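Here are a few exercises to work through with the model open in your viewer. Try each one yourself before reading the solution.

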Amino acid sequence: MSRPELLTLPDEPTLLADRRRAARELYEALPVPTRPRTPLKARRLEAIPYREPASANPNEVPAALRSAPESAGHVVLSNGHVVSCEMKEPARRAGVKLLSLADAAQQEANLIAKHLGSLVAADTDRYTAANAAFWRDGVLLVVPRGVALAEPVTIVHWVGAAAAGIFPRTLIVADADSSIAVVETYLGDPADSHRVLVSATTEVVAGPASHVSVSALQQLPPGAEAFLRRRGRAQHDARIDWATAEFGAALSVAGHHTDLAESGASTTSHTVTFGSAAQHFDYDAEVVHIGPHTTSDMRARGVMSGRSRSIFTGLSEIRQGARRTDARQKEETLMLSPDARADAIPSLLIDDNDVFAAHAASAGPVDELALYYLASRGIPRADAIDLLVRGFLGPVVERIALPAVQDRIWQAIESKLQEERGRGTL
Amino acid sequence: MAGPELAISDLQVAVDGKLVLKGLTLTVRGGEVHAVMGPNGTGKSTLAQTIMGHPRYQVTGGSITLDGRDVLAMKTDARARAGLFLAMQYPNEVSGVTTANFLRTALNARRDAKDPVRLKEFRDELDHAMDVLSIDHGFANRYLNEGFSGGEKKRNEILQMLLLKPRIAVLDEIDSGLDIDAVRIVAEGVDASRGPELGLLLITHYQRILNYVTPDRVHIVYDGRVVMSGGPELAETLESRGYEWVREELVPAVEGSPA
Ligand SMILES: Nc1ncnc2c1ncn2[C@@H]1O[C@H](COP(=O)(O)OP(=O)(O)OP(=O)(O)O)[C@@H](O)[C@H]1O
Ligand SMILES: [Mg+2]
């Protein structure tokens, strides 16, 4: 028997309860989104009983993920609920706040009212509305003016075996002149192939001259259908750096969006994707230049094997008045299999003439002549492909803020390559 | 173990359907240096790449054996592990793969998977070989050949030879594009690795490298065949008289000979 659905949470401040109800209405009204290259209807997402958000099951989270020695603060979520939230002394002393959203709703009501949902609008699509209507918990990180943390804050989103719907939210508020790196990982048991809908949002409010770096590693279990929406707003001279890695899930509709709202703001983004089997990735990277003298540099590298499919849509929009801006995009895909497919769609929307903008996209198979060169030194084909794939992804992986997460990405790359070798496709 | 022997017999090779090697015969044994000379486009690199198994070159006749084993039946990587090496005329650039990582992978490909080369041992050997060739140690951490100058690429090829210790090495114009000092350094590196366990096939247009690495035999390739062989003096004759002399002296005889 299913429990009655909760429209709002007990003790929820009125404002949040009202927003949740409004989001629920939006959710009910919005259709399954139509995406040009991702037939969402055919995936029968509505057959997943996700409207009953999962409860926490902390015992499922592997011990190795429960602590992060090299981070300034560490939060673990199980099925969208914070099960531990720790911050080290230096960060605490500097006045950094790291709270579960459930606590923050009470303790930081004004901040939450002002910023939560201010960037990722509930009406983006049905599954973003679902996040706004069904979320139970998440993370609030507030970095006070002038505070620079050398170590990153790490957030682990664990997807458990019984979960059907997971809706975490992350809100990062960096005050003027502050500097912070955040690493979010989304993962679960790779042997768990039950269907689960994960819709997560991350919002970044970057105050004047602040520097926020957000890394995200998506390594969800193979039955996951994921919608990951990230959006940041950079004020005067602020900088937001994104480094995102897409490895897991059956379907991942993800992306990051940056508003360069005021003069001097800048953003960089590095996205690495490795598709295998029948995985489907649909990624949007967007930047909107609103202020003058703003710069953006967007890079993506993907490796596609098996029958996997990826779509990378890059959009650099330059609004009128955003003079002297510089917008660059580069997307490269390495095709390991003739049955895989990748579309890179870079686009520029320019409404001012005094700008520099460039984009480039390329896709191709492994360089046979390079393979021959490596073979001529005794390196077997599979090992040579390994070397080339690692070499191709390396420059992007290195942009991830935390060495431990880089290591995890390399492990993910290694297991993908082994998976392909096992299939005899390399 | 007896020294290596690479035997090429009546080799015929086509590139894109065009016959380039038209029956080439040559044998290189351990301890020997063979110089191969000849005008542009006569098939020297074709010979070198065919020995290594380049996918573009189709063998339409003849044979290549290493110690009696059929080289043509082996894949390129197996040929390398059997002891063949080719210093390429135009080495590839391999982005994202450092020279050190590449070399370590190549060495490990020759060893038992359970017994990879020890890092310290590898580093020492690499440093030593780089010193022999006057290569800045920083090159070890640069991507393989990427952005290397022509001369740096050539040195890098010989560096690989010194580390991989092949039994038969084919050096395709390893001296082209090098300044005088670099030719001497590279040639001395090659000369130092001479010994009964290494046979060398040195493709060149110039006498100068042969001043350092004295060949036992010099072969002139013309139109896909070895048309003349001799001692080191043949290279000197070529240097002074040029290929025009070869054309005048030999081509009528070759063309006139029965097919
Ligand atoms: N990959 C290729 N594609 C097309 N033609 C080729 C290719 N490689 C060689 N050839 C042709 O085969 C012939 C022999 O070329 P090869 O490179 O073996 O000459 P070479 O003797 O090494 O000349 P050089 O002294 O200029 O290096 C030439 O006519 C060349 O154009
Ligand atoms: Mg040549």
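**Exercise 1. Find the salt bridge between chain B and chain A, then describe the polar side of the interface.**

Start with the charged pairs: the rule finds one salt bridge across this interface, where a salt bridge is a side-chain nitrogen of Lys or Arg within 4 Å of a carboxyl oxygen of Asp or Glu. The partners are Arg377(A) and Glu157(B), whose side chains meet at 2.6 Å, N to O.

Next, the polar contacts (pairs of N or O atoms within 3.5 Å; within protein, one must be able to donate a hydrogen and the other to accept it, and residues adjacent in sequence count only if both atoms are side-chain atoms). Nine residue pairs, both at pLDDT 80 or more, turn up across the interface.

A word on ground rules: this is a predicted model, so local features need pLDDT of at least 70 and side-chain atom pairs 80 or more, while totals for chains, interfaces and linings use all residues. Residues are numbered from 1 along each chain as written, chains are lettered from A and ligands numbered from 1 in written order, and side-chain values use heavy atoms, without hydrogens and water.

**Exercise 2. Work out how much area chain B and chain A bury, and which residues of chain B lose the most.**

First, the total: about 1800 Å², with 66% of it on carbon and sulfur atoms. Buried area here is the accessible area (1.4 Å probe) that two parts lose on being put together, summed over both.

Then look at chain B, where Asp77(B), Asn92(B) and Phe102(B) lose the most, together 24% of what that side buries.

Finally, count residues in contact (heavy atoms within 4.5 Å): 32 from chain B and 15 from chain A.

**Exercise 3. Track down the side-chain N or O atoms that approach ligand 1.**

Begin with the ligand's oxygen atoms. One is 2.9 Å from an N or O atom in the side chain of Asn40(B), and for Glu173(B) the oxygen distance is 3.3 Å.

Now switch to nitrogen: a nitrogen atom of ligand 1 is 3.1 Å from an N or O atom in the side chain of Arg56(B).

To finish, check the cover. Taken alone, ligand 1 exposes 630 Å², and the protein buries 70% of that (Shrake-Rupley method, 1.4 Å probe).
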